[in-house]
Each structure stands twice: as structure tokens, then as C-alpha cells.
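Work through these exercises with the model in view. Try each task before you read its solution.

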Amino acid sequence: MNKAVEAKQTVVQEIADKFKSAASVVVVDYRGLSVSQVTELRKQLREAGVEFKVYKNTLVRRATAEVGHEELNEVLTGPNAIAFSNEDVVAPARIINDFAKANEQLEIKAGLIEGTYASVEEVKALAELPSREGLLSMLLSVLQAPMRNLALVTKAVAEQKEEQGA
């Protein structure tokens, strides 16, 4: 077999493996961004443990066919970059969405969230969710509210009894 064909098959397999193991994937169009802007975006994503790669669309199409995510093929036109996150589902969507707000040239095209196709609107909605720590603190405050209210009512009753007795 030709060496070029073997190299392409290796890349297709690499992309397919990334799709399989990723918690979330975001496909973006980066046309119009300067090199320094792309470098800054890559830096932010790398700090969050997100891999940001540019692949040929034909190789990505073959990989999506291999893993059963052909729905991504419709957005694979023009220059695309793909962000893969293996741990944090929200990180790539949040970082890219925030970066896109500051740099209008960056366009979110679609994504995969835990193996399910996500449209642009769904990726942006995911990006707007609070962080895991923020959600946990909200849950904690909701769980504490009934106890706090019970304590306040008990204190008010005790104070009322004191006033009546005095």
C-alpha cells in the first residue's frame, strides 16, 4: 500500500479514537483570526485540558463515518478546527464561546456532547451553564434552605414565648 494512504488511514483512526473517547467535541470555523488570536485560543484550551486540532475535512468525514457521527459532515466545509475534551464536557464550549464573543471571526458550527450531536444553539447553551463548582454550590444552598428556615422559625417562636412570659 502507498505510504501516503497508510499515513491518511493512521490519521483517520486517530481522529476516530478521539471522537470515541471525547466527552465533548466542538467544531469551529476560524477564518479571519490572526495567528496570535489562534495561539491565544489554543493556550486557553490547553490550560483546560482541551486538544484543539485542524484536520482535513475529508479525513474527518471518514472518521465520523467510522464512529457513526455522520451528522457532523454537513458542517465540515471550509477551514475547520476541532476541540476535543476527554474530561470536562463544558470546558471547550465555554472557552470557545467566550473567545467568540470577543472575536467575532470565530464561528461555532456544531459539536458532540457525550456522543450526541449538538447544534450551535445547544453548544452555546452548554457554554452558558455555570461551572461544576457553581452548580454544586447552588445545590448546597438549596439543600440548606429548609434547615435555615426551620432554625429561623424556631428562634422566632422562642422569642415570642419569652415576650409572653416576661
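This is a predicted model.

**Exercise 1. Place Thr10 in the structure, and decide whether Thr10 is buried or exposed.**

Solution.
- Step 1: Find the element. Thr10 sits in helix α1, which covers residues 3-21.
- Step 2: Apply the cut-off. A residue is exposed when its relative accessible area is over 50%.
- Step 3: Compare. Thr10 has 52% relative accessibility, so Thr10 counts as exposed.
- Step 4: Look across the fold. Leu59 is 49 residues from Thr10 in sequence, yet their C-alpha atoms are 10.0 Å apart in space.

**Exercise 2. Describe the chain: which elements does it have, and in what order do they run?**

Solution.
- Step 1: Count the elements. The chain has six helices and five strands.
- Step 2: Read them from the N terminus. The order is α-β-α-β-α-β-α-β-β-α-α.
- Step 3: Check the spread. For 166 residues the globule rule gives 15 Å, but the radius of gyration is 24 Å, well over that value, so the chain is more spread out than a compact globule.
- Step 4: Add the extents. The C-alpha trace spans about 100 × 30 × 25 Å along its principal axes.

**Exercise 3. State what share of the chain is buried, and what share of its contacts join residues at least 24 apart.**

Solution.
- Step 1: Take burial. Of the 166 residues, 34% are buried.
- Step 2: Take the surface. The accessible surface is about 10100 Å², and carbon and sulfur atoms account for 56% of it.
- Step 3: Take the contacts. Consider those between residues at least 6 apart in sequence: 80% of them join residues at least 24 apart.

**Exercise 4. Find the partner of Lys18 in helix α1, and judge the exposure of both residues.**

Solution.
- Step 1: Recall the principle. Side chains of opposite charge can pair when their charged atoms come close.
- Step 2: Apply the cut-off. A salt bridge needs a side-chain nitrogen of Lys or Arg within 4 Å of a carboxyl oxygen of Asp or Glu.
- Step 3: Name the partner. Lys18 pairs with Glu14, with 3.3 Å between the closest N and O atoms.
- Step 4: Check the spacing. Both residues lie in helix α1, four residues apart, or about one turn of the helix.
- Step 5: Judge exposure. Lys18 has a relative accessible area of 13%, so Lys18 is buried. Glu14, at 31%, is partly exposed.
- Step 6: Extend the picture. Glu14 and Lys18 join Glu51 in a network of salt bridges.

**Exercise 5. Set out the salt bridges of Asp29 and of Glu128: which residue does each one meet?**

Solution.
- Step 1: Start with the total. The chain has five salt bridges.
- Step 2: Take Asp29. Its partner is Arg31, and their closest N and O atoms are 2.8 Å apart.
- Step 3: Judge that pair. Asp29 is buried at 4% relative accessible area. Arg31 is partly exposed at 48%.
- Step 4: Take Glu128. Its side chain meets that of Lys101, N to O, at 3.1 Å.
- Step 5: Locate that pair. Glu128 is in helix α5 (residues 120-128) and Lys101 in helix α4 (residues 91-102); the two are 27 residues apart, and the pair links distant parts of the chain.
- Step 6: Judge exposure again. Glu128 is partly exposed at 48% relative accessibility. Lys101 is exposed at 54%.

**Exercise 6. State how far apart the mean positions of the positive and negative charges are.**

Solution.
- Step 1: Count the charges. There are 20 positive and 24 negative ones.
- Step 2: Give the separation. Their mean positions are 6 Å apart.

Notes:
Residues numbered from 1 in each chain as written. Predicted model: local features only at pLDDT ≥ 70, side-chain atom pairs only at ≥ 80, totals over all residues. Heavy atoms only, no water. Buried < 20%, exposed > 50% of the residue type's maximum accessible area, 1.4 Å probe, protein only. Rg over C-alpha atoms; globule rule 2.2 N^0.38 Å. Contact = heavy atoms within 4.5 Å. Areas by Shrake-Rupley, 256 points an atom, 1.4 Å probe, with all protein chains shown as cover. Lys, Arg positive; Asp, Glu negative; His and termini not counted. Charge placed at Lys NZ, Arg CZ, Asp CG, Glu CD.
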